[in-house]
Amino acid sequence: MLRLFSLISGSSGNCSVVTDGKTNILIDCGTSGKRALAALDKIGIAPEDVSAMLVTHEHSDHIQGVGVLARRLKIPVYATAGTHSAMLVGSIADELIHTVSPDVSFDIGDISVTPFSIPHDAAEPCCYTLSDGDDMVSVATDIGYMSDALISRIIGSKSIILESNHDVDMLRFGDYDYFLKQRILSDRGHLSNKDAANAALELVKTGTEHIMLGHLSEKNNMPHIAQMETYNYLTDNGVRVGKDVTLQIAARYDITSFDI
């Protein structure tokens, strides 16, 4: 069985881990290497047991600790060619650099990984689904808009970390400058709470059992607002939250595990 943890999540940093008990894969490391290792220790994963890091894109809230961990622990780093070229993580040994292509699956231990392209303002961003043959989990954040094609990539996920970045009204009437607001609201920005709610319903209809809303903006969202919007939309459409699906928020600075 695959387990998916959020170690930190939000506009200030993102790091998740997927494990089957033998293979342990970090998805992004947007925090210090020291902090990431401390979080892994809390869930029983030793530094030498980290199998790989998957990087979604080069923004600092996703790569802060990637270079340090790769160099110190000789951890392979998987990313698209564009992300490898754009991310500033210092020198990494050639043998640790692995280039992935969207929709081309590969194996790390007994876990099959499939990258898929996402619309975001980065060089060549992608997200990932991971499967052990029985369960599939996904991390889907930093997405400008959720198209049918993207939904098709994550349908079948038993558990998912799904972006619910901002409340549209909080963003529009907040103190961000005009150009930053437009960037976030654009098709290469971030999913709103409403977008997350719409995606959550599609996922539950196709069998998703556990949804964790993540990558919340610190200034343009609040956990209870994000959770309530998705909760209300699901219940209005006949979904029994707590029975048909669990719904929770990824903590900004702490470990969050799925209510399984």
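## Helix 3 and what covers it

Take helix 3 first, which spans residues 66–73 in this predicted model. Its buried residues are Val66, Gly67, Leu69 and Ala70. An α-helix has 3.6 residues a turn, so residues three or four places apart point the same way. With that in mind, look at what sits over the buried set: the cover includes helix 1 (33–42) and helix 2 (60–63), along with strand 3 (24–27), strand 4 (52–54) and strand 5 (77–80).

Right after helix 3 comes Lys74, with a positive phi of about 55°.

## The chain as a whole

Zooming out, the chain holds 14 strands and nine helices. Its radius of gyration is 17 Å, close to the 18 Å from the globule rule for 260 residues, so the chain is as compact as a globular protein of that length. If you want a box for the C-alpha atoms, roughly 50 × 45 × 35 Å along the principal axes will do.

Of the 260 residues, 54% are buried. Among contacts with a separation of 6 or more, 61% link residues 24 or more positions apart. The accessible surface is about 11200 Å², and carbon and sulfur atoms own 49% of that. As for charge, there are 34 negative and 20 positive side chains, with the centres of the two sets 5 Å apart.

## Cysteines without partners

How many disulfides does the chain have? The count is zero. Cys15 is in no disulfide, since its nearest cysteine sulfur, on Cys29, is 4.4 Å away, and the cut-off for a pair is 2.5 Å. Cys15 has 1% relative accessibility, so it counts as buried.

Cys126 is in no disulfide either: the nearest cysteine sulfur belongs to Cys127 and is 6.8 Å off. Cys126 is buried too, at a relative accessible area of 0%.

## Two buried residues and their contacts

Asp28 sits in the loop between strand 3 and helix 1. Is Asp28 buried or exposed? At 4% relative accessibility it counts as buried, because the cut-off for buried is under 20%. Setting aside neighbours within four places in sequence, Asp28 is in contact with Asn14, Cys15, Ser16, Leu54, Val55, Thr56, His57 and His62. Cys15 from the section above is therefore one of the contacts of Asp28, and Cys15 is itself buried at 1%. For a long-range distance, try Asp28 to Phe173: they are 145 residues apart along the chain, with 31 Å between their C-alpha atoms.

Ser138 belongs to strand 10 (residues 136–140). With 0% relative accessibility, Ser138 counts as buried. Which residues does Ser138 touch, leaving aside those within four places in sequence? They are Leu4, Tyr128, Thr129, Ile154, Ser157, Ser159, Ile160 and Ile161.

## Positive phi in two loops

Asp103 isn't a glycine, yet it has a positive phi of about 70°. You'll find Asp103 in the loop that runs between strand 6 (97–100) and strand 7 (106–108). Its relative accessibility is 45%, so Asp103 counts as partly exposed.

His215 is another non-glycine with a positive phi, here about 55°. The loop holding His215 lies between strand 12 (210–214) and helix 9 (223–236). His215 is buried, with a relative accessible area of 2%.

## Ala86 and Asp187

Ala86 is in helix 4, which covers residues 81–86. At 27% relative accessibility, Ala86 counts as partly exposed. Beyond its neighbours within four places in sequence, Ala86 is in contact with Glu58 and Ala123. How far is Ala86 from Ala122 in space? Their C-alpha atoms are 8.6 Å apart, for a sequence gap of 36 residues.

Asp187 is located in the loop between helix 7 (178–185) and helix 8 (193–205). Neighbours within four places in sequence aside, Asp187 is in contact with Pro119, Gly144 and Tyr145. Asp187 and Ala226 are 39 residues apart along the chain, and 20 Å separates their C-alpha atoms.

Terms used:
Residues numbered from 1 in each chain as written. Predicted model: local features only at pLDDT ≥ 70, side-chain atom pairs only at ≥ 80, totals over all residues. Heavy atoms only, no water. Buried < 20%, exposed > 50% of the residue type's maximum accessible area, 1.4 Å probe, protein only. Helix = DSSP H or I, 4+ residues; strand = E, 2+ residues; numbered from the N terminus. Rg over C-alpha atoms; globule rule 2.2 N^0.38 Å. Contact = heavy atoms within 4.5 Å. Areas by Shrake-Rupley, 256 points an atom, 1.4 Å probe, with all protein chains shown as cover. Lys, Arg positive; Asp, Glu negative; His and termini not counted. Charge placed at Lys NZ, Arg CZ, Asp CG, Glu CD.
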